[in-house]
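Me: I should be grateful for a close look at one part of this protein, namely its enclosed spaces, followed by an account of the packing around them.

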Amino acid sequence: MASSDQEPGPTPLAGGGEGPTPPGQPTTMGSKLLDKGAKMLQSMKPVRQLQQHACSFALYAHDHTRQIETHLYISRLNQNFLQCPIYDSDDPLAHLIGVEYIVAENIFETLPPEEQKLWHSHAYEIKSGLWVHPRVAEMIAKPELKWLTKTYGKFWCTWQVDRGDRVPLGTPALMMSPQGVNSGQVRPDLLKSRDDKYKMSSEELKESRLEIEEPEWLNPNADYWKQHGKGFGLDVLETDMKHMTPFP
């Protein structure tokens, strides 16, 4: 099985001319009726806690030449902890490509140093106008943006649609947030495409966010690549299973 920093082996489901559209037959009327009935009868409580949509960008921790637009649907477990399924667009048939957890700095500082290396900061992402809440007035989003500036995130990508994978292949890939240095800057074409779609200007947002306070200190274990020039990839290793102790 491929590691997260390698292309998957040859397979009709990796790449190809059809893009990331998964194989399969059109949804049947029976399945549609079941979905409609279940929606009426079931509570779907966790899903209904998704209260915000944010759009930003992310870089593969092991390969900054690969950058993607991300759409986070945010659920707030409490004021200091957010959990966000991430999609590749805001279209009805968007692909669920990963999950990000976002924590306040006081929680991040309690994590072991080795764990902190897997997380990224959000200050640059917010201040530079990359992180946006589509169709929400900046004035309304500003208090949330001020809080997010001092948070850290951990984002695992489980479906690498940017390389054309038609189903999730290989191991999850760790993702990093954009930064204003070296390979951490978002490609201009990606940024323009997003701005054009939502009829906004990241440069104007950047100007409007000048008064947002930056953190007094960013933990150097976050954004690990900035200090060390190293990323992280995963490998799947075969291992012995642990078995239940037999009953007497």
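Which residues line the second largest cavity?

Reply: The model is a predicted one. In it, the second largest cavity is lined by Ala-61, Lys-117, Met-176, Tyr-224, Trp-225, Lys-230, Gly-231 and Phe-232. The volume of this cavity is about 40 Å³. Sorted by class, its lining consists of five nonpolar residues, one polar residue and two charged residues. Gly-231 is the polar member, because glycine is counted in that class. The charged members are Lys-117 and Lys-230, because lysine is counted as charged.

This space is one of two cavities that reach 30 Å³ or more. The largest cavity holds about 60 Å³. Its walls are formed by Ser-56, Phe-57, Ala-58, Thr-70, Leu-72, Glu-100, His-120, Glu-125, Phe-155, Met-176 and Ser-177. Two elements, strand E1 (50–60) and strand E2 (63–78), each supply two or more residues to that lining. The greatest contribution is that of E1, with three residues. By class, five of the lining residues are nonpolar, four are polar and two are charged. Met-176 appears in the lining of the largest cavity, and Met-176 also appears in that of the second largest.

The open spaces may be treated alongside the closed ones. The largest pocket encloses about 210 Å³. Its lining is made up of Val-47, Leu-50, Tyr-73, Tyr-87, Ser-89, Asp-90, Asp-91, Pro-92 and Ala-94. Six of these residues are nonpolar, one is polar and two are charged. The charged pair is Asp-90 and Asp-91, because aspartate belongs to that class.

The packing of the interior comes next. In soluble globular proteins, nonpolar side chains tend to be buried together. The largest nonpolar core here contains 25 residues, and those that touch the most other members are Leu-72, Ile-74, Leu-82, Trp-131, Leu-148 and Met-175. Two or more residues of this core come from each of E1, E2, strand E3 (81–87), strand E4 (96–104), helix H5 (138–148), strand E6 (151–157) and strand E7 (173–176). Helix H5 provides the largest share, four residues. A second core, separate from this one, has 11 residues, among them Val-103, Leu-118, Trp-119 and Leu-174. Leu-72 links two parts of this description: Leu-72 is among the residues that touch the most other members of the largest core, and Leu-72 also lines the largest cavity.

Trp-131 deserves separate attention. Apart from residues up to four places away in sequence, Trp-131 touches Ala-54, Cys-55, Ser-56, Leu-72, Ile-74, Ile-102, His-122, Glu-125, Ile-126, Leu-145, Leu-148 and Arg-209. Of these partners, Ser-56, Leu-72 and Glu-125 also belong to the lining of the largest cavity.

One partner of Trp-131, Leu-145, lies in helix H5. Leu-145 counts as buried because its relative accessible area is 0%, and the limit for that class is under 20%. With neighbours within four places in sequence set aside, Leu-145 is in contact with Ile-126, Trp-131, His-133, Glu-138, Arg-209 and Ile-212. Ile-126 and Arg-209 are therefore contacts of both Leu-145 and Trp-131, where contact means heavy atoms within 4.5 Å. By contrast, His-228 is 83 residues from Leu-145 in sequence and 28 Å from it in space, C-alpha to C-alpha.

Cys-55, another partner of Trp-131, leads to the question of disulfides. The model contains zero disulfides. Cys-55 is in none, and its nearest cysteine sulfur, that of Cys-84, is 13 Å away. Because a disulfide requires sulfur atoms within 2.5 Å, that separation excludes a bond between Cys-55 and Cys-84. At 0% relative accessibility, Cys-55 is buried. Cys-157 is likewise in no disulfide, with the sulfur of Cys-84 as its nearest, 15 Å away. Cys-157 is also buried, at 1% relative accessibility.

Two backbone positions complete the account. Asn-182 is not a glycine, yet its phi is positive, at about 45 degrees. Asn-182 is placed in the loop between E7 and helix H6 (188–198). Its relative accessibility of 65% is over 50%, so Asn-182 counts as exposed. Asp-223, also not a glycine, has a positive phi of about 50 degrees. Asp-223 is found in the loop between helix H7 (202–208) and helix H8 (224–228). Unlike the exposed Asn-182, Asp-223 is buried, with a relative accessible area of 3%.

Key:
Residues are numbered from 1 along each chain as its sequence is written. This is a predicted model: local features need pLDDT of at least 70, side-chain atom pairs count only at pLDDT 80 or more; totals for chains, interfaces and linings use all residues. Side-chain values use heavy atoms; hydrogens and water are left out. On a 1 Å grid over the protein atoms alone, a cavity is a set of points where a 1.4 Å probe fits but cannot get out, and a pocket is an open set with protein on both sides within 12 Å along at least five of seven lines; lining residues have an atom within 4 Å of a point. Grid points are joined across faces, edges and corners, and a volume is the space filled by probe spheres set on the points. Buried means under 20% relative accessible area, exposed over 50%, partly exposed in between (1.4 Å probe, protein chains only). A nonpolar core is a set of buried Ala, Val, Leu, Ile, Met, Phe, Trp, Tyr and Cys residues joined through side-chain atoms within 4.5 Å.
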